[in-house]
Structures are given as C-alpha cells and as structure tokens.
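I open this notebook to record what I looked up on charges, their partners and their burial. The structure is placed here first, and my entries follow.

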Amino acid sequence: SYSFCTLLGGMKNYNVNEWGVQEACQWLQEVGLDRLSDVIERNEIDGGMLVELTRDDIREELEIESLGDRKALLKALDELRTKYNENRPNRPADILAETGGGTKYGLVLPDGNQKRAQA
C-alpha cells in the first residue's frame with residue numbers, strides 16, 4: 001500500500017521548520033528511505049522534530065529495527081541538518097559575525113536569544 005507520503009513530488013524547500021509531516025515523508029522519499037514514511041506518519045514527525053531526532057529516538061522511540069535503515073537515516077539527517085543550516089536566514093553564527101561576537105547587551109546564544117552580561 002502507498003502512504004500519502006509516497007505520492008508527493010520533488011523537494012526544494014530546505015526551511016525544515018516549515019515542513020509538516022508530508023514534507024518530512026517527501027524528504028525521506030528523495031533520499032531513498034520512503035520505506036520509513038509510515039513510521040514518520042504514525043509518530044507525526046514534522047520537519048522541526050525530524051532534524052532533532054537522535055540515535056536513541058530512532059532506535060528506541062521510533063523502533064526502527066534495521067541497523068542499515070538507522071545508519072542511512074542518521075547519515076541523511078546529518079546532510080539535511082547541514083543543508084538546513086546553510087539555507088537558514090539569521091543563523092546564530094551570522095548574528096555573532098554581524099555583532100562582533102555579541103551585542104551591547106551581552107552574548108547572543110545559539111538559539112538567537114541574548115544573554116545579558118552580569119554586572
């Protein structure tokens with residue numbers, strides 16, 4: 001049987017946080033892991049959750065049994081994270097570069113928030 005995910009076309013949007021479950025499944029199809037789409041659908045994994053998946057999540061929570069599938073998914077996720085970070089506007093690294101490593105209020109944290117300097 002075909003899941004909804006297997007019916008979608010090519011992905012070009014690498015703003016992963018905007019992806020829903022269908023886009024996450026579409027990405028799996030593009031990287032040759034469409035056999036895992038049902039796991040993503042069943043667990044309602046969207047783009048934001050997808051890039052946060054850990055080795056333990058994949059094995060324990062998603063119960064992906066096959067070592068080959070786990071390793072392939074981890075490798076594809078690493079590549080996706082790299083592509084996502086390259087295409088992400090106002091990344092923390094960009095903010096730090098623009099401000100000379102901080103702001104007049106303190107440091108810019110990795111999540112883009114500012115931490116006030118202690119007086």
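**Entry 1: aspartate 78 and its partner.** I began with aspartate 78, whose relative accessible area of 46% makes it partly exposed. I then looked for its partner and found a salt bridge to the side chain of arginine 81, at 3.1 Å from N to O. Arginine 81 is likewise listed as partly exposed, at 21% relative accessibility. I note that the value of 21% stands just outside the class of buried residues, because buried means under 20%. Both residues belong to helix H5 and sit three residues apart, about one turn of the helix. I keep in mind that the model is a predicted one.

**Entry 2: the other salt bridges.** How many salt bridges does a search of the whole structure find? I recorded four. One of them joins the side chains of arginine 35 and aspartate 69, with an N to O distance of 2.8 Å. Arginine 35 lies in the loop between helix H1 (21-30) and helix H2 (37-42), whereas aspartate 69 lies in helix H5, so this pair ties together parts that are 34 residues apart in sequence. I checked the burial of each partner: arginine 35 is partly exposed, at 48%, and aspartate 69 is buried, at 14%. I also noted the salt bridge of arginine 59 with glutamate 60, where the closest N and O atoms are 3.9 Å apart. That distance falls within the 4 Å cut-off, so the pair counts. Arginine 59 is partly exposed, with a relative accessible area of 47%.

**Entry 3: a buried arginine.** Which side chain of opposite charge is nearest to arginine 70? I found glutamate 65, at 6.0 Å. A salt bridge requires nitrogen and oxygen within 4 Å, so this pair does not qualify. Arginine 70 is thus recorded as buried yet without a salt bridge. Its place is in helix H5. Setting aside neighbours within four places in sequence, I listed its contacts as Ile58, Arg59, Ile64 and Glu65.

**Entry 4: a negative patch.** I next looked up where negative charge gathers on the surface, and found a patch made of Asp56, Glu61, Glu63 and Glu65. Glutamate 63 is in the loop between helix H4 (55-61) and helix H5 (67-87). Is glutamate 63 buried or exposed? It counts as exposed because its relative accessibility is 56%, and exposed means over 50%. Glu65 of this patch also appears among the contacts of arginine 70.

**Entry 5: helix H1 and the residue after it.** I listed the buried residues of H1 as Val21, Ala24, Cys25, Gln26, Trp27 and Leu28. Just after H1, I noted that glycine 32 takes a positive phi of about 80 degrees.

**Entry 6: the whole protein.** I closed with the overall figures. The secondary structure consists of six helices and two strands, running α-α-α-α-α-α-β-β from the N terminus. Of the 119 residues, 32% are buried. The accessible surface comes to about 7,800 Å², and carbon and sulfur atoms hold 46% of it. Among contacts with a separation of 6 or more, 41% are between residues 24 or more positions apart.

Technical notes:
Residues are numbered from 1 along each chain as its sequence is written. This is a predicted model: local features need pLDDT of at least 70, side-chain atom pairs count only at pLDDT 80 or more; totals for chains, interfaces and linings use all residues. Side-chain values use heavy atoms; hydrogens and water are left out. Patches are made of residues with over 30% relative accessible area and no salt bridge: like charges are joined within 9 Å, nonpolar side chains (Val, Leu, Ile, Met, Phe, Trp, Tyr) within 5 Å. Accessible areas come from the Shrake-Rupley method with a 1.4 Å probe; for residues, only the protein chains shown count as cover. Lys and Arg count as positive and Asp and Glu as negative; His and the chain ends are not counted. The place of a charge is taken as NZ of Lys, CZ of Arg, CG of Asp or CD of Glu. Helices (H or I, at least four residues) and strands (E, at least two) are DSSP runs, numbered from the N terminus. Buried means under 20% relative accessible area, exposed over 50%, partly exposed in between (1.4 Å probe, protein chains only). Contact means heavy atoms within 4.5 Å.
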